[in-house]
Amino acid sequence: MIRWCMTILMIWTTATLAVDVQPLEIGEQAPDFSLMGVDSSMYSLQDFKKSDVLVIIFTANHCPTAQAYEDRMIQLTDDYSRDKVAVVAISSNYPSALRLDELAYSDLGDNFKEMQIRAEDKGYNFPYLYDGDTQETALAYGPQATPHVFIFDSDRKLRYQGRFDDTENPYVEPKQKDTRNAIQALLAGEPVPVKSTKVFGCSMKWKDKVDWVKQSNAEWKAKPVGVELIDSSKVAELARNDSENLLLVNVWATWCGPCVVEFPELVKMYRIYSGRDFDMVTISADKPEST
């Protein structure tokens, strides 16, 4: 007999916005900031004083919606590079406030080192700044989700805030190009046609959402673990994988040092991807009477 240990755990929790933050009002002055960029340089509003239009986008590595806009942000920067338009991206998520299951569509989290990796991999052509430790800039600007766009005129007064455009699908042409429309209007000296829109994307990871992460971890640890005995015919059935899900089968034993060392990483992997079409089964080669 071979021991078959299968754990299928799902955590469903609800949460509200951690702090009551509202976006800047149209016409308000851009708050100054002093933030480290992924190039290890410090940036403030003064660094963009020569630009007639300043576009600040609050974004995040882990967020699939933000990822869907990365290429459009790069293209936007290229298209307006000769028009004195500065594009700046800011990540304000507190890295420790990110639950494991929120990484299900990302290869990277939201800490500064991972921001540097993302910027290099994607070839960001705009400054990518980190605000996650203090979140002072986010608290001043009031992003509601990632991505959230704020566009300022030459006097650094807010003229547009909201979504980048009306679709996150990179293969669908947007019907409402809100960010580009606002930039075009400002460059032409005309009023911005649509000044505010609702945003969609991933919630901001404010510092006090760390308690939410701790609660999630506690709920996970409290879940029961199911253990069953399995024979060779059942193993063959597993190998066929008649489900539509991706199935990971891990064979291990408590007397196998490397197996024990890597097991926590497998648990982490399952916690990340269990909300998707993914199953994991662990098969222990230990003798039942020895455990």
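In this predicted model, Arg99 is a buried residue, with a relative accessible area of just 11%. Its side chain meets that of Glu102 in a salt bridge, with N and O 3.8 Å apart. Glu102 counts as buried too, at 16% relative accessibility, so both ends of this bridge fall under the 20% limit for a buried residue.

Other charged pairs sit further out. Glu173 forms a salt bridge with Lys177, and here the closest N and O atoms are 2.6 Å apart. Glu173 is exposed, because its relative accessible area of 55% is over the 50% mark. Lys177, at 31%, counts as partly exposed. Back with the Arg99 and Glu102 pair, salt bridges that share partners pull Arg99, Asp101, Glu102 and Lys205 together into one network.

The count of salt bridges comes to 12. One of them joins Arg180 to Asp79, with the closest N and O atoms 2.7 Å apart. This pair ties together distant parts of the chain: Arg180 belongs to helix 4 and Asp79 to helix 1, and the two are 101 residues apart. Arg180 has a relative accessible area of 23%, which makes it partly exposed, and Asp79, at 37%, is partly exposed as well.

Not every charged residue has found a partner like that. Asp131 is buried but has no salt bridge. The nearest side chain of opposite charge is that of Lys207, and it is 9.2 Å away; a salt bridge needs the nitrogen within 4 Å of the carboxyl oxygen, so Lys207 does not qualify. Asp131 sits in the loop between strand 6 and helix 3, the helix that covers residues 136–141. What its side chain does have is a polar atom 3.2 Å from the backbone nitrogen of Thr137. Leaving aside neighbours within four places in sequence, Asp131 is in contact with Leu35, Ile90, Ser91, Ser92, Glu136, Thr137 and Ala138.

Now for the nonpolar interior. The largest nonpolar core holds 26 residues, and the members that touch the most others are Val55, Ile151 and Ile183. Quite a few elements chip in with at least two residues each: strand 4 (53–59), strand 5 (85–91), strand 6 (128–130) and strand 8 (148–152) on the strand side, plus helix 1 (64–79), helix 2 (112–122) and helix 4 (178–187). A separate core of 22 residues lies apart from this one, and its members include Val21, Leu45, Phe58 and Trp206.

Ile151 gives a good look at how the pieces of the larger core come together. Not counting neighbours within four places in sequence, Ile151 is in contact with Val53, Leu54 and Val55, with Lys157, Leu158, Arg159 and Tyr160, and with Thr179, Ala182, Ile183 and Leu186. Two of these partners, Val55 and Ile183, are the very residues listed beside Ile151 as touching the most other core members.

A few spots in the backbone also deserve a look. Most residues other than glycine have a negative phi, and most peptide bonds are trans. The bond between Thr146 and Pro147 is cis, with omega at about 0 degrees. Pro147 lies in the loop between strand 7 (145–146) and strand 8. Lys84, although not a glycine, has a positive phi of about 55 degrees, and it is found in the loop between helix 1 and strand 5. Asn241 also shows a positive phi, near 45 degrees. Asn241 is located in the loop between helix 6 (232–240) and strand 12 (246–252), and it is partly exposed, with a relative accessible area of 26%.

Stepping back to the protein as a whole, there are seven helices and 13 strands. The C-alpha trace spans about 80 × 35 × 35 Å along its principal axes. Of the 291 residues, 46% are buried. Among contacts with a separation of 6 or more, 79% are between residues 24 or more positions apart. The accessible surface of the protein adds up to about 15,400 Å², and carbon and sulfur atoms account for 51% of that area.

How values were computed. Residues are numbered from 1 along each chain as its sequence is written. This is a predicted model: local features need pLDDT of at least 70, side-chain atom pairs count only at pLDDT 80 or more; totals for chains, interfaces and linings use all residues. Side-chain values use heavy atoms; hydrogens and water are left out. A nonpolar core is a set of buried Ala, Val, Leu, Ile, Met, Phe, Trp, Tyr and Cys residues joined through side-chain atoms within 4.5 Å. Buried means under 20% relative accessible area, exposed over 50%, partly exposed in between (1.4 Å probe, protein chains only). Helices (H or I, at least four residues) and strands (E, at least two) are DSSP runs, numbered from the N terminus. Contact means heavy atoms within 4.5 Å. Lys and Arg count as positive and Asp and Glu as negative; His and the chain ends are not counted. A polar contact is a pair of N or O atoms within 3.5 Å; within protein, one must be able to donate a hydrogen and the other to accept it, and residues adjacent in sequence count only if both atoms are side-chain atoms. Accessible areas come from the Shrake-Rupley method with a 1.4 Å probe; for residues, only the protein chains shown count as cover.
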